[in-house]
Amino acid sequence: MKSCLIVDDSRVIRKVSRHILESLEFSVEEAENGKEGLDRCAESMPDVILLDWNMPVMTGIEFITQLRQREGGDRPKVVFCTTENDVAHIREAISAGADEYVMKPFDHETLQIKLQLVGMA
């Protein structure tokens, strides 16, 4: 079973994402900020990370920058999930190491397509 870590400060987004991912047969872990997400990755590196951009404690960009520097941190596919939709934000996310980008709010089909694009669905 593939594993996914949802890193988002919104409990609602985590709940909706978990429901979609579990229907796609992922095991799911959650973190409500980037620091907690990095701690989870240190315990067990997931196959996929759904990552929010704007969070307290540590932003999504700070999270992915630190993740990619860790041993094994190049392995997870990272999908940024955010309300930021301008080209500059997308470019920044990709250059920081994101594999894909999805706009909030998203539905089952949209997330499944993004996971297929990164080879995880």
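1. Let's start with two helices that sit side by side in this predicted model. Helix α2 (residues 34-43) packs against helix α3 (residues 60-69) at an angle of about 20°, and their axes are 9 Å apart. That angle makes α2 roughly parallel to α3, since angles under 35 degrees count as roughly parallel. The crossing of α2 past α3 is right-handed.

2. Which residues do the meeting here? From α2 come Gly34, Gly37, Leu38 and Cys41, and from α3 come Phe63, Gln66 and Leu67. Sort the residues of this contact by class and you get 4 nonpolar, 3 polar and no charged.

3. Now stay with α3 and look at its contact with helix α4 (residues 87-96). The angle between α3 and α4 is about 20°, with the axes 9 Å apart. So α3 is roughly parallel to α4 as well. Check the handedness, though: α3 passes α4 in a left-handed crossing.

4. For this second contact, α3 supplies Ile61, Ile64, Thr65 and Arg68, while α4 supplies Glu92, Ala93 and Ala96. The classes come out as 4 nonpolar, 1 polar and 2 charged residues.

5. On to the sheet. It is an open one with 5 strands, in the order β2-β1-β3-β4-β5, and the pairing is parallel. Why do β2 (26-31) and β5 (100-103) each have one side without a neighbour in the sheet? They stand at the edges, each with a single partner strand, so there is nothing in the sheet on the other side. On average, neighbouring strands are turned by 20° against each other, direction ignored.

6. If you want to trace one strand pair by eye, try β1 (residues 2-7) with β2: they pair in the parallel sense over 6 bridges. A handy marker is serine 3, which stands opposite serine 27 in β2.

7. The sheet also has a helix packed on it: α5 (residues 108-117), which touches β2, β3 (48-52) and β5. Compare the direction of α5 with that of β5 and you get about 175°.

8. Finally, the charges. Side chains of opposite charge can pair when their charged atoms come close. How many salt bridges are there? The count comes to 11. One to look up is glutamate 30 with arginine 14, where the closest N and O atoms are 3.0 Å apart. Glutamate 30 lies in strand β2 and arginine 14 in helix α1 (residues 11-23), so this pair ties together parts that are 16 residues apart in sequence.

Notes. Residues numbered from 1 in each chain as written. Predicted model: local features only at pLDDT ≥ 70, side-chain atom pairs only at ≥ 80, totals over all residues. Heavy atoms only, no water. Pairing = 2+ DSSP bridges. Helix = DSSP H or I, 4+ residues; strand = E, 2+ residues; numbered from the N terminus. Axes fitted to C-alpha atoms, helices over the stretch in contact; angles between N-to-C directions. Contact = heavy atoms within 4.5 Å. Parallel < 35°, antiparallel > 145°, perpendicular 65-115°, else oblique. Left-handed = near helix turned anticlockwise from the far one by under 90°. Nonpolar A, V, L, I, M, F, W, Y, C, P; charged D, E, K, R; others polar. Salt bridge = Lys/Arg side-chain N within 4 Å of Asp/Glu carboxyl O.
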